Amino acid sequence: MQLIAFYILSTIVVLSALFVIAARNPVHSVLWLICAFFTSAGLLVLIGAEFLAMLLVVVYVGAVAVLFLFVVMMLDVDFVELKQGFLNYLPAGALVALALLAEIGVVAAAATFGGGASFDPKPDAATNAQALSKVLYTDYLLLFQMSGIVLLVAMMGAIVLTLRARAKVKRQDIAKQTGRKRKDAVELKDVRPGQGI
C-alpha cells in the first residue's frame, strides 16, 4: 500500500512541478506550487516524518506560497482577461481539489494499513518532534545558533537597505507627544447662542 501511495504522490509532485514552469498564468503557477508542496508533505508523512510534513505545510504553503501569490498580485497582470474564463476553469479547479482530498485519503490509508515505515524515524524518542529536537539541540546546537545569527543579520540588512529617509513623510516624534502640555492641545471657545464657532 505504501509503495502505491508513493508512486501516486511522487507522480503528482513531478507533474505539479512541471505545471509550475509551464503555466502561462502566474496565479496558476503559484497554485501548482502549492499543490507540489502539499503533495511533498504527503510523501514526508509516508516515511514517518510527520513533524517535517507539518512544517512544510505551515511554512511553505502557509507563508512562502502566499507571499509568492501576493507578489504575483502586485504585478501588472490583466486580471479582467483572466477572470473571463473563470467558469471554464471551475471544473478543473474542482478536480484538483478532489485530487488533494484523495491524496489525504491515500496517505491516511497507507499510514494506517501499510505496516509502518521501513526505518525508525524517531530513534529512542516518543515522537518525531522529540527525536528531531534531541538531535538539533545536542549534536548540531552550534550550527543551529549560527544559522539563527545569519538569519538575524540578513533581516537587519534587509531593513537597512529598504529604510530611506524621505523629506515629505511625516514621522512620529514620541518625545514631542509625551511632553505636550494641556494648554498647547486644548483651546476653549466661548460660543454665543445662535452662532457657530
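Me: Why is Leu52 called partly exposed?

Reply: In this predicted model, Leu52 has a relative accessible area of 37%. Partly exposed covers the range between under 20%, which is buried, and over 50%, which is exposed. The value of 37% falls in that range, so Leu52 is partly exposed. Leu52 is found in helix α3.

Me: What makes Leu52 eligible for a surface patch?

Reply: A patch takes residues with over 30% relative accessible area and no salt bridge, and Leu is among the nonpolar side chains that are joined within 5 Å. Leu52, at 37%, passes the area cut-off. Leu52 belongs to a nonpolar patch on the surface together with Met54, Leu55, Val58, Val59, Tyr60 and Leu132, with about 560 Å² of accessible area together. Helix α3 (residues 50-74) supplies the largest share of this patch, six residues.

Me: How do you know that Leu55 is partly exposed?

Reply: The relative accessibility of Leu55 is 33%. This is neither under 20% nor over 50%, so Leu55 counts as partly exposed. Leu55 also lies in helix α3. Its C-alpha is 8.6 Å from that of Ala41, a residue 14 positions away in sequence.

Me: Why is Ser29 called buried?

Reply: Ser29 has a relative accessible area of 15%. Buried means under 20%, so Ser29 qualifies. Ser29 is placed in helix α2 (residues 26-46).

Me: Which residues is Ser29 in contact with, leaving aside neighbours within four places in sequence?

Reply: They are Val20 and Ala23. Contact here requires heavy atoms within 4.5 Å. For Ser29 and Ala17, 12 residues apart along the chain, the C-alpha atoms are separated by 9.1 Å.

Me: What puts the buried residues of α1 on the same side of the helix?

Reply: The buried residues in α1 are Ala5, Leu9, Ser10, Val13 and Ser16. They cover an arc of only 125° around the axis, and therefore sit on the same side of α1. An α-helix has 3.6 residues a turn, so residues three or four places apart point the same way. On the face of α1 turned away from the buried side are the exposed residues Leu3, Ile4, Ile21 and Ala22.

Me: How does the span of helix α1 compare with what is expected?

Reply: Helix α1 (residues 2-22) has 21 residues and reaches 30 Å from its first C-alpha to its last. The expected span is 1.5 Å times one less than the number of residues. For α1 that expectation is 30 Å, and the span is close to it.

Me: What makes the pair Glu187 and Lys189 a salt bridge?

Reply: The N to O distance between their side chains is 3.3 Å. The cut-off is 4 Å from a Lys or Arg side-chain nitrogen to an Asp or Glu carboxyl oxygen, so the pair qualifies. Side chains of opposite charge can pair when their charged atoms come close. By this rule the count comes to one salt bridge.

Me: Is Glu187 buried or exposed?

Reply: Glu187 has a relative accessible area of 61%. The threshold for exposed is over 50%, so Glu187 is exposed.

Me: How many helices and strands does the protein have?

Reply: There are nine helices and zero strands. Of its 197 residues, 17% count as buried. The protein exposes about 15500 Å², and carbon and sulfur atoms supply 69% of that area.

Technical notes. Residues are numbered from 1 along each chain as its sequence is written. This is a predicted model: local features need pLDDT of at least 70, side-chain atom pairs count only at pLDDT 80 or more; totals for chains, interfaces and linings use all residues. Side-chain values use heavy atoms; hydrogens and water are left out. Patches are made of residues with over 30% relative accessible area and no salt bridge: like charges are joined within 9 Å, nonpolar side chains (Val, Leu, Ile, Met, Phe, Trp, Tyr) within 5 Å. Accessible areas come from the Shrake-Rupley method with a 1.4 Å probe; for residues, only the protein chains shown count as cover. Helices (H or I, at least four residues) and strands (E, at least two) are DSSP runs, numbered from the N terminus. Buried means under 20% relative accessible area, exposed over 50%, partly exposed in between (1.4 Å probe, protein chains only). The arc is that of the directions from the helix axis to the C-beta atoms.
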